[in-house]
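Thanks for coming. I have one structure to go through today, so let me put it on the screen.

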Amino acid sequence: MAFLDRFTPDDVLPDVYAVTPEKCARLGIRAVVFDIDNTLAPYEVSAPDERLKAHLRSFPEAGISIALVSNNKPERVEIFNRELGFFAQPDAHKPSKRALAGVLAHFAPLSGQEILFVGDQLFTDVLTARKNGIRAITVPPIQPRENWFFRLKRALEKPVMRRYRRLEKQRKTEQIEKRK
Ligand SMILES: [Mg+2]
């Protein structure tokens, strides 16, 4: 695997509402793992609103399992998940490979190609997904934070995103070629 591939998502979407049960079904995905902070909600929002709850519940209604995985503390995850009741892993230590051990055991015997990780961070979420051989979609962080660390991180993300766009262009050209 090329170095940058470890951080390159399969797809980049505008927000979690663009990740739908229909799209997942088309891709053969049976389970979706969501990061919480800045993917589903900003840090300071403790519980999902009605729109988000309805969106997340639409997955199990369509036969697709959901799990939440967060590096945040158990209280945060427990409060966020209280009304949803999904399988949830707090204190996950992404990008450690083990961060998904509990979730993968919970989703067994699904294969990596049937599981999708949705997060906002290339260097934690995508890398964790890649280490476990599962698919990855990123969404832009809901509230990008501004300080030197995050500016540096964004600069480091640029070559990864360039690679993503190049691969995406290649895929589209291949699809057009195939249709000819
Ligand atoms: Mg996040």
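I will start with the overall layout, then go through the sheet, its middle, and one loop.

First, a caution: this is a predicted model. Everything I say about it is computed from that model.

The protein has six helices and six strands. Read along the sequence, they alternate in the pattern β-α-β-α-β-α-β-α-β-α-β-α.

On overall dimensions, the C-alpha trace spans about 50 × 40 × 30 Å along its principal axes. What radius of gyration would a compact globule with 180 residues have, and what does the protein have? The expected value is near 16 Å, and the protein has 16 Å, so the two agree. Of the 180 residues, 32% count as buried. As for contacts between residues at least 6 apart in sequence, 62% of them join residues at least 24 apart.

Now the sheet. The six strands form an open sheet in the order 1-6-5-2-3-4, with parallel pairing. At the edges are strand 1, residues 11-12, and strand 4, and each of these pairs on one side only.

Let me walk across from strand 2 towards strand 4. Strand 2, residues 31-34, pairs in the parallel sense with strand 3, residues 65-69, over four bridges. Within that pairing, the bridge partner of Val33 is Ala67 in strand 3. Strand 2, helix 2 (residues 50-61) and strand 3 together make a right-handed β-α-β unit. From strand 3 the chain crosses through helix 3, residues 74-81, to strand 4, and that crossover is right-handed as well. Strand 3 and strand 4, residues 87-89, are parallel and share three bridges. There, Val69 stands opposite Gln89 in strand 4.

Next, strand 5, which takes up most of my time. Strand 5 covers residues 115-119, and five of its five residues are buried. Which residues lie on each side of strand 5? On one side are Ile115, Phe117 and Gly119, and on the other are Leu116 and Val118; all of these are buried, which leaves both faces covered.

Strand 5 has pairing partners in strand 2 and strand 6. Four bridges join strand 2 to strand 5, and the two run parallel. One pair here is Phe34 with Val118 in strand 5. Four bridges also join strand 5 to strand 6, residues 135-138, again in parallel. Phe117 has Ala136 in strand 6 as its bridge partner, and Gly119 has Thr138. Between these two strands the chain passes through helix 5, residues 122-131, in a right-handed β-α-β crossover.

Is helix 5 enclosed or open to the outside? Seven of its 10 residues are buried, so helix 5 is largely enclosed by the rest of the structure. The buried ones are Leu122, Asp125, Val126, Leu127, Thr128, Ala129 and Arg130. The buried residues of helix 5 pack against strand 5, strand 6 and helix 6, residues 148-179. Just after helix 5 comes Gly133, with a positive phi of about 65 degrees.

That brings me to the core. The largest nonpolar core has 37 residues, and those touching the most other members are Val32, Val33, Phe34, Val69, Leu116 and Val118. Elements that give two or more residues to this core are strand 2, strand 3, helix 3, helix 4 (101-107), strand 5, helix 5, strand 6 and helix 6.

To see one of these core residues in its surroundings, take Val118. Leaving aside residues up to four places away in sequence, Val118 touches Val16, Val19, Val32, Phe34, Asp35, Thr39, Ile137 and Val139. Phe34 in that list is also its bridge partner, as I said.

My last stop is a loop. Pro140 is found between strand 6 and helix 6. Pro140 has 13 other C-beta atoms within 10 Å, so it is partly exposed; a residue counts as exposed at 12 or fewer and as buried at 20 or more. Where is Pro140 relative to Val12? They are 128 residues apart in sequence, while their C-alpha atoms are 8.1 Å apart in space.

To recap: an open parallel sheet of six strands, with strand 5 covered on both faces and helix 5 largely enclosed. That is what I had.

Technical notes: Residues numbered from 1 in each chain as written. Predicted model: local features only at pLDDT ≥ 70, side-chain atom pairs only at ≥ 80, totals over all residues. Pairing = 2+ DSSP bridges. Right-handed = clockwise from strand over helix to strand, strands pointing away. Contact = placed C-beta atoms within 7 Å. Rg over C-alpha atoms; globule rule 2.2 N^0.38 Å. Core = buried A, V, L, I, M, F, W, Y, C linked by C-beta atoms within 7 Å.
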